Amino acid sequence: MKKILLLALSVAALTACGGGGNKASGDKAEKVTDKQREQASQIISYTNDIIDYLNETGSWMRSNDSRLEELVETGSGGRWSNIMPFIPNPSVDHKDKGLDTPPSAMEKEDQTYFKETIAEYRKTFKQMQEDGQTLFKYIRNQDYKDDDYAKGKELSDKILAAQEYVTDTKKAMYDKIDEVTYEAEYIILSDHPLRDPIFTMKDEMVNFENLYSTFVLYNDKETTVEQVDSAYQAIFANVEKNKALYAEILEENGVKSDYDDFYESCDDALDTYRFSFRTYVKQNREIPESEIRTFTSNYNHIIGAYNSFND
């Protein structure tokens, strides 16, 4: 099955309204109108709902990934596995309400993108679940004995194609959300005292996503040992520099400990990457799947620390 490179969780866009604070932010803040703030809030609220939905579908995929793999392998006539029914996630169906109506404040082409992409994503995701249930019953009832796995192979191919589409489209939507919310977040935070620390942490998370990809691609021989080392050293230096910034403004706003927690999570992640580089990459060995899962877990801790900072 296609390896899911997408990290398990996505950070929610900001929901706090800007305004007030201990630090002025220059001319940009003076140009932001109440209407712009309202429109920015609508965009962020909508994209946060998409993130919630995508995270729920991602949760279902992670819970059932091994079961899907066993179904496909068994149903297509390959290695026999002790197949199991899917683990349900009722929240998925509740999280996609209202996603068909993007806010009018969003650019027209972005509205069209989300309407069409969400509709196709939802349809494909549900069809994948239905095909999986059909394949489960097909194997359980030993119907493969009647057609020599013909239907099983057909269903398996559909499930694999759907899984690839869901994985790739989810990543594309996260990237699109980053694109359409960046300016909206800047507007909301235009005169917020913590704007700079927040955007520093957001940029840090993007760096860790790129570092994750660099290590994973090493297993596919698409990055070299030198490239992996260079990527690690760059983000290590960045973290060391940024963790010491903004001390005064963080203390004034009572969030110094939250900022420190965020960078403690970054340090923990870097420890794992350093171990992996020394133990596997530097020795020209493949990074094991368990280590890749640890990368993902560490990144989710970074996201959790960021979200806690913004609570």
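A crossing is left-handed if the near helix is turned anticlockwise from the far one by less than a right angle. I write this down at the start for the pair α10 and α11, whose crossing is left-handed. The model I am reading is a predicted one.

**Entry 1. Overall make-up**

I looked up the secondary structure and found 11 helices and zero strands. Read from the N terminus, the order is α-α-α-α-α-α-α-α-α-α-α. I noted that 45% of the 311 residues count as buried. The exposed surface comes to about 15,700 Å², and carbon and sulfur atoms supply 46% of it. I then checked how far apart in sequence the contacting residues lie. Of the contacts between residues at least 6 apart, 80% join residues at least 24 apart.

**Entry 2. α10 and α11**

I went back to the helix pair of the opening note. The axes of α10 and α11 come within 8 Å and cross at roughly 170°. Angles over 145 degrees count as roughly antiparallel, so α10 is roughly antiparallel to α11.

Next I looked at the loop that joins them. Ile 287 lies in this loop, between α10 (256-281) and α11 (289-310). Is Ile 287 buried or exposed? Its relative accessibility is 1%, so I entered Ile 287 as buried. Leaving out residues up to four places away in sequence, Ile 287 touches Phe 215, Tyr 218, Asn 219, Ser 276, Tyr 280, Val 281, Ile 292 and Phe 295. I also took the C-alpha to C-alpha distance from Ile 287 to Phe 277, which is 8.7 Å for residues 10 apart in sequence.

Asn 284 lies in the loop between α10 and α11 as well. I entered Asn 284 as exposed because its relative accessibility is 60%, and the cut-off for exposed is over 50%. The phi of Asn 284 is near 60°, a positive value in a residue other than glycine.

**Entry 3. Another positive phi**

I found a further case at Tyr 246, which is not a glycine and has a positive phi of about 65°. Tyr 246 lies in the loop between α8 (225-242) and α9 (247-252). With a relative accessible area of 23%, Tyr 246 is partly exposed.

**Entry 4. Nonpolar cores**

In soluble globular proteins, nonpolar side chains tend to be buried together. I looked for such groups here. The largest nonpolar core has 41 residues, and Ile 50 and Trp 60 touch the most other members. Helices α2 (34-75), α4 (108-140) and α6 (150-188) each supply at least two residues of this core. Which helix gives the largest share of this core? That is α2, with 13 residues.

I listed the contacts of Ile 50, again without residues up to four places away in sequence. They are Leu 99, Phe 114, Ile 118 and Ile 177. There is also a second, separate core of 39 residues, which includes Val 225, Leu 270, Tyr 306 and Phe 309.

**Entry 5. α2 against α4**

I took up the packing of α2 and α4, whose axes are 11 Å apart at an angle of about 25°. Angles under 35 degrees count as roughly parallel, so α2 is roughly parallel to α4. I noted their crossing as left-handed.

I then went through the residues that make this contact. From α2, they include Tyr 46, Ile 50, Tyr 53, Leu 54, Trp 60 and Met 61. From α4, they include Phe 114, Ile 118, Tyr 121, Arg 122, Phe 125 and Met 128. Ile 50 and Trp 60 are thus listed here, and they are also the pair picked out in the largest nonpolar core.

**Entry 6. Two buried polar residues**

I checked Asn 64, which lies in helix α2. At 0% relative accessibility, Asn 64 counts as buried. Not counting residues up to four places away in sequence, Asn 64 touches Phe 86 and Ile 87.

I then checked Thr 214, which lies in helix α7 (residues 195-219). Thr 214 has a relative accessible area of 16%. The cut-off for buried is under 20%, so I entered Thr 214 as buried. With the same sequence neighbours left out, Thr 214 touches Thr 223, Gln 227, Val 228 and Ala 231.

Notes:
Residues are numbered from 1 along each chain as its sequence is written. This is a predicted model: local features need pLDDT of at least 70, side-chain atom pairs count only at pLDDT 80 or more; totals for chains, interfaces and linings use all residues. Side-chain values use heavy atoms; hydrogens and water are left out. Helices (H or I, at least four residues) and strands (E, at least two) are DSSP runs, numbered from the N terminus. Buried means under 20% relative accessible area, exposed over 50%, partly exposed in between (1.4 Å probe, protein chains only). Contact means heavy atoms within 4.5 Å. Accessible areas come from the Shrake-Rupley method with a 1.4 Å probe; for residues, only the protein chains shown count as cover. A nonpolar core is a set of buried Ala, Val, Leu, Ile, Met, Phe, Trp, Tyr and Cys residues joined through side-chain atoms within 4.5 Å. Axes are lines fitted to C-alpha atoms, for helices over the stretch in contact, and angles run from 0 to 180 degrees between N-to-C directions. Angles under 35 degrees count as roughly parallel, over 145 as roughly antiparallel, 65 to 115 as roughly perpendicular and the rest as oblique.
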